[in-house]
Amino acid sequence: MLFRALIPAAALMLAACSGPAGAPAGESVIEVKEAFIVKPTEGRDVAAGGLMAYVTGAPAELVGVSTDAADRVELHAMSMEDGVMQMRQVESFTASEGEPIVLQRGGNHLMLFGVDPAIAVGDSVDLSLEFRDSDGTSQTVVTSAEIKGLGD
């Protein structure tokens, strides 16, 4: 009887030691959620955007973003210096297990330039996100980004 009780416990211990589900050793599984772009104000073609990128397995860096809805997308970091908000372009953001990439309004974010004036609040556009593992392997993740209004 005791032997039967130990079998499920042993199976759980083996599963716990096998590493993250869906992520072979040394590889990353990336999931992107809540992607959005804020529709530019009338007469402007610059917009901000955000997303959450979760990784299982090896850490991964977000090194580039593109979309058909804009001419160019940059990664931007936000910081406070002497009470003044500073924004600067960066080369990458890193996600690791338990520490997702969080891009949002008022913090680190995407900046889109040459945004298509035809996009409308409620539309969705595709974002192609390029990630790179520590060994230099690239992975592209395509996600849908909702177009939001300035106050949404």
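**Exercise 1.** Leaving aside its neighbours within four places in sequence, which residues is Asp 133 in contact with? Work from the predicted model, and then consider the charge of this side chain.

*Solution.* Begin by placing the residue: Asp 133 belongs to strand 9, which covers residues 124-133. Once neighbours within four places in sequence are set aside, its contacts are Ser 28, Pro 59 and Ala 60. Turning to charge, Asp 133 is buried but forms no salt bridge, and the nearest side chain of opposite charge, that of Arg 132, lies 8.8 Å away, whereas a salt bridge requires the nitrogen and the carboxyl oxygen to be within 4 Å.

**Exercise 2.** Determine whether Glu 74 is buried or exposed, and describe its surroundings.

*Solution.* Glu 74 sits in strand 4, residues 72-81. Because its relative accessibility is 11% and the cut-off for buried is under 20%, Glu 74 counts as buried. Apart from neighbours within four places in sequence, Glu 74 is in contact with Gln 89, His 109, Leu 110, Met 111 and Phe 113. Its C-alpha atom is also separated by 6.5 Å from that of Leu 112, although the two residues are 38 residues apart along the chain.

**Exercise 3.** Characterise the largest pocket and its lining.

*Solution.* The largest pocket holds about 280 Å³ of space. It is lined by 15 residues, of which Val 38, Ala 47, Ala 48, Met 111 and Leu 150 are the closest to its centre. Strand 2 (46-57) and strand 8 (109-113) are the elements that each give two or more residues to this lining, with strand 2 supplying the largest share, 3 residues. By residue class, the lining divides into 9 nonpolar, 3 polar and 3 charged residues.

Technical notes. Residues are numbered from 1 along each chain as its sequence is written. This is a predicted model: local features need pLDDT of at least 70, side-chain atom pairs count only at pLDDT 80 or more; totals for chains, interfaces and linings use all residues. Side-chain values use heavy atoms; hydrogens and water are left out. Helices (H or I, at least four residues) and strands (E, at least two) are DSSP runs, numbered from the N terminus. Buried means under 20% relative accessible area, exposed over 50%, partly exposed in between (1.4 Å probe, protein chains only). Lys and Arg count as positive and Asp and Glu as negative; His and the chain ends are not counted. Contact means heavy atoms within 4.5 Å. On a 1 Å grid over the protein atoms alone, a cavity is a set of points where a 1.4 Å probe fits but cannot get out, and a pocket is an open set with protein on both sides within 12 Å along at least five of seven lines; lining residues have an atom within 4 Å of a point. Grid points are joined across faces, edges and corners, and a volume is the space filled by probe spheres set on the points. Ala, Val, Leu, Ile, Met, Phe, Trp, Tyr, Cys and Pro count as nonpolar, Asp, Glu, Lys and Arg as charged, and the others, Gly among them, as polar.
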